[in-house]
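Reader: I have a protein model open and I'd like to understand its sheet and its hollows. Could you go through them with me?

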Amino acid sequence: MSHSPLDVRLRQVSHTFNGRDRGVPALANISLTIDSGEFVALVGPSGCGKSTLLRLVAGLLTPSRGYITLGGQPPAQARRHKAIGWMAQQAALLPWRTVLENVRLPLQVNRQVNRPPASPEQLLALVDLADFADAYPHTLSGGMQQRVALARLLATGASLWLMDEPFAALDELTRGNLADELLVIWQKFRPTVLWVTHHLQEAVYLADRLVILSARPGQVAGELTIDLPRPRDDTSADFQALVRRARQILGRGQNG
Ligand code: ADP
Ligand code: MG
């Protein structure tokens, strides 16, 4: 990792979009601290403002109220230093480039800004795609495309990973395999991760801590620390109890 991991601080952040006649409040009074190297899952019902929160942290939107710092700096600064990486539900690979050329892309775009943790070839091996370096994206399954996106994220050298439901389009088995690979990679490089999902099992499986948002306008309904050792057994009673606890907090948030 070319940057030391960043901590994330949100202080009384609210965001309202300008609607046709009146504003659309998306987030209300969010205060949140994520330690550097921590893996936090942001959970909440559809439309509660999860993606908006990620865009605010990325500096793509400016909060209507409150402020955000990444490693003590405004998000725009972290963006300039290419410290922020992004992954979404769709891999968004360039179809005319091979797998390896897609992973090389950040190095070509950000020349001299960041040193990636390994060569593009090594990163492809890390996500189990060494044999597919010369393949084109359309020939790959959805899970393989997300692996390429993960290798490309690593190639950016970013130390804060903003992940917007990256497994949402995958089947259950692929999702599980990718979750295990992702955790190995996270433990190796230790970026700070903000992981959006509405899948409670996935959140409890992956994260150090869940931050649970209420229905729109999103507010923090509760937090849940997951202190189970990894790799976690999602069939264990402790695991199931945490999922139930998360569901209770989520339910409380829905009812206002
Ligand atoms: P989530 O990711 O949790 O599903 P979003 O952050 O995408 O939710 O959206 C939160 C709310 O803000 C929704 O009601 C959505 O319609 C609204 N919203 C999101 N983006 C915009 C925008 N650019 N303009 C107006 N309203 C928006
Ligand atoms: Mg969203």
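Reader: Which strand does S3 join through five bridges, and which way do the two run?

Author: Sure, and keep in mind that this is a predicted model, where local features need pLDDT of at least 70, side-chain atom pairs count only at pLDDT 80 or more, and totals for chains, interfaces and linings use all residues. Residues are numbered from 1 along each chain as its sequence is written, chains are lettered from A and ligands numbered from 1 in the order in which they are written, and side-chain values use heavy atoms, without hydrogens and water. Strands (E, at least two residues) and helices (H or I, at least four) are DSSP runs numbered from the N terminus, and two strands pair if DSSP finds at least two bridges between them. S3 covers residues 39-43, and its five bridges go to a parallel partner, S7 (residues 192-197).

Reader: Which residue in S7 stands opposite Phe 39?

Author: Phe 39 belongs to S3, residues 39-43. Facing it in S7 is Val 193.

Reader: In what order do the six strands of the sheet come?

Author: The sheet is open and its pairing is mixed. S5 and S9 (220-225) are the edge strands, each pairing on one side only. From one strand to the next, the twist averages 15 degrees. Read across, the order is S5-S6-S7-S3-S8-S9.

Reader: What angle does the direction of H5 make with that of S5?

Author: H5 packs on the sheet and touches S5 and S6 (160-164), with contact meaning heavy atoms within 4.5 Å. Axes are lines fitted to C-alpha atoms, for helices over the stretch in contact, and angles run from 0 to 180 degrees between N-to-C directions. For H5 and S5 the angle is about 175 degrees.

Reader: Now the hollows: which element gives the most to the lining of the largest pocket?

Author: On a 1 Å grid over the protein atoms alone, a pocket is an open set of points with protein on both sides within 12 Å along at least five of seven lines, a cavity is a set where a 1.4 Å probe fits but cannot get out, and lining residues have an atom within 4 Å of a point. The largest pocket holds about 510 Å³, a volume being the space filled by probe spheres set on points joined across faces, edges and corners. Its lining has 22 residues, with Ile 84, Gly 85, Trp 86, Leu 153 and Thr 156 nearest the centre. Five of the lining residues come from one element, S5.

Reader: And which element gives the most to the second largest pocket?

Author: That pocket has about 190 Å³ of space, and its lining includes Glu 172, Arg 175 and Tyr 205. By class there are three nonpolar, four polar and five charged residues; Ala, Val, Leu, Ile, Met, Phe, Trp, Tyr, Cys and Pro count as nonpolar, Asp, Glu, Lys and Arg as charged, and the others, Gly among them, as polar. Six residues of this lining come from H6.

Reader: Why does the largest cavity lie between two domains, and which ones are they?

Author: There is one cavity of 30 Å³ or more, and Met 87, Leu 178 and Trp 195 are among its lining residues. H5 gives the largest share, three residues. Domain bounds come from an automatic or database domain assignment. The cavity lies between the two domains because both give residues to its lining: domain 1 (1-83 + 158-256) and domain 2 (86-157).
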